[in-house]
Amino acid sequence: MHLDELQWFVVLAETEHVTDAAAELGISQPTLSRALARLEEQVGVPLFDRVNRRLRLNAYGHILLEHARRSISEIRTATDRIAELRDPDTGTVRLAFLHSQAGWYVPDLLRRFRTEAPRVRFELFQGAAHEIVERLAGGEADLAITSPRPEGFRWRGLYMERLCLAVPREHRLAGRTRLRLADAGAEPFVALAPDFGLRQLTDELCVEAGISPPVVFEAMEIPTMEGLVAAGFGVAVVPVPRPERAEPGAAYVPLSESSARRQIGLTWHADRPLPPAAARLAEFIMQNVHKFE
């Protein structure tokens with residue numbers, strides 16, 4: 001059933017008069033009558049009762065009218081959203097980012113971008129790296145700020161985070177200026193869940209260091225890890241925090257391994273063109289990389 005004919009049906013249902021409805025729609029009466037006949041044939045029941053050469057919407061017609069109005073509204077909404085997506089000034093950007101980037105990097109980036117494009121809207125998602133990749137692959141996100149670099153997607157490195165070992169303030173390693181991860185091989189570890197990119201990187205670093213420490217708790221966010229470290233549950237491999245974001249009860253000791261770092265990057269689907277508003281944000285980020293470090 002065609003959208004035009006649904007709209008014609010709505011007008012006819014509201015006027016209950018073929019001549020008046022045809023005049024309002026700017027079509028001929030026979031055209032409207034044939035469209036009504038096709039619609040009734042499709043649904044399998046008459047939609048109007050014919051009373052003294054007038055139409056009266058019946059129970060079947062009332063049901064179709066309810067759903068026709070809803071369908072027309074949904075199509076109009078979809079059309080409006082598509083138009084927005086095509087407009088770099090008023091479109092919507094679907095941006096996904098790591099939990100760890102929510103505290104400063106992404107808010108600062110969006111604050112700066114909104115001074116340049118104040119009418120662009122955002123649908124934001126924060127989560128783990130594997131969730132972000134799923135959203136990109138499924139078309140639920142246009143752009144993502146994540147780590148590590150996902151396979152099969154376009155990528156632009158933004159900045160490098162050094163990794164350190166977070167330990168309780170009174171821990172035997174707290175006073176060190178630098179250490180090898182092997183030095184903590186006998187310590188209990190607090191880590192992220194196995195699907196998280198930082199956890200995978202931590203596991204790789206442990207293999208390189210020749211250690212297999214017990215993981216006493218698997219958290220969902222880095223601040224939770226740091227809080228548990230401060231509470232004495234163990235140690236944790238985390239990015240070196242910005243001073244204002246550090247956990248007061250933890251000491252952060254840099255790791256000496258050259259591989260103890262992770263790159264944060266901007267990524268998007270390789271085979272799907274970016275909507276104009278998302279392309280505008282991507283260009284803004286890449287032109288101003290150094291300003292957000």
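## Salt bridges in a predicted model

Asp89, Glu116 and Arg280 are linked in a network of salt bridges. The structure is a predicted model, and a search of the whole of it finds 17 salt bridges. Three of these pairs are described here, beginning with one from the network.

Within that network, Arg280 forms a salt bridge with Asp89, and their closest N and O atoms lie 2.5 Å apart. This pair links distant parts of the chain, since Arg280 belongs to helix α9 (residues 276-287) and Asp89 to the loop between α4 and β3 (92-98), 191 residues apart. Arg280 is partly exposed, at 21% relative accessible area. Asp89 is also partly exposed, with a value of 35%.

A second salt bridge joins the side chains of Arg262 and Glu161, at 2.6 Å from N to O. Here two strands are connected: Arg262 is in β11 (residues 261-269) and Glu161 in β6 (residues 153-168), with the two positions 101 residues apart. Arg262 has a relative accessible area of 6% and therefore counts as buried, the cut-off being under 20%. Glu161, at 11%, is likewise buried.

A third salt bridge is formed by Arg69 and Glu14, whose closest N and O atoms are 3.1 Å apart. Arg69 in helix α4 (residues 59-85) is thereby linked to Glu14 in helix α1 (residues 3-15), a distant part of the chain 55 residues away. Arg69 is partly exposed, its relative accessibility being 42%.

The table lists the N to O distances of the three pairs.

| Salt bridge | N to O distance |
|---|---|
| Arg280 and Asp89 | 2.5 Å |
| Arg262 and Glu161 | 2.6 Å |
| Arg69 and Glu14 | 3.1 Å |

Note on methods
Residues are numbered from 1 along each chain as its sequence is written. This is a predicted model: local features need pLDDT of at least 70, side-chain atom pairs count only at pLDDT 80 or more; totals for chains, interfaces and linings use all residues. Side-chain values use heavy atoms; hydrogens and water are left out. A salt bridge is a side-chain nitrogen of Lys or Arg within 4 Å of a carboxyl oxygen of Asp or Glu. Helices (H or I, at least four residues) and strands (E, at least two) are DSSP runs, numbered from the N terminus. Buried means under 20% relative accessible area, exposed over 50%, partly exposed in between (1.4 Å probe, protein chains only).
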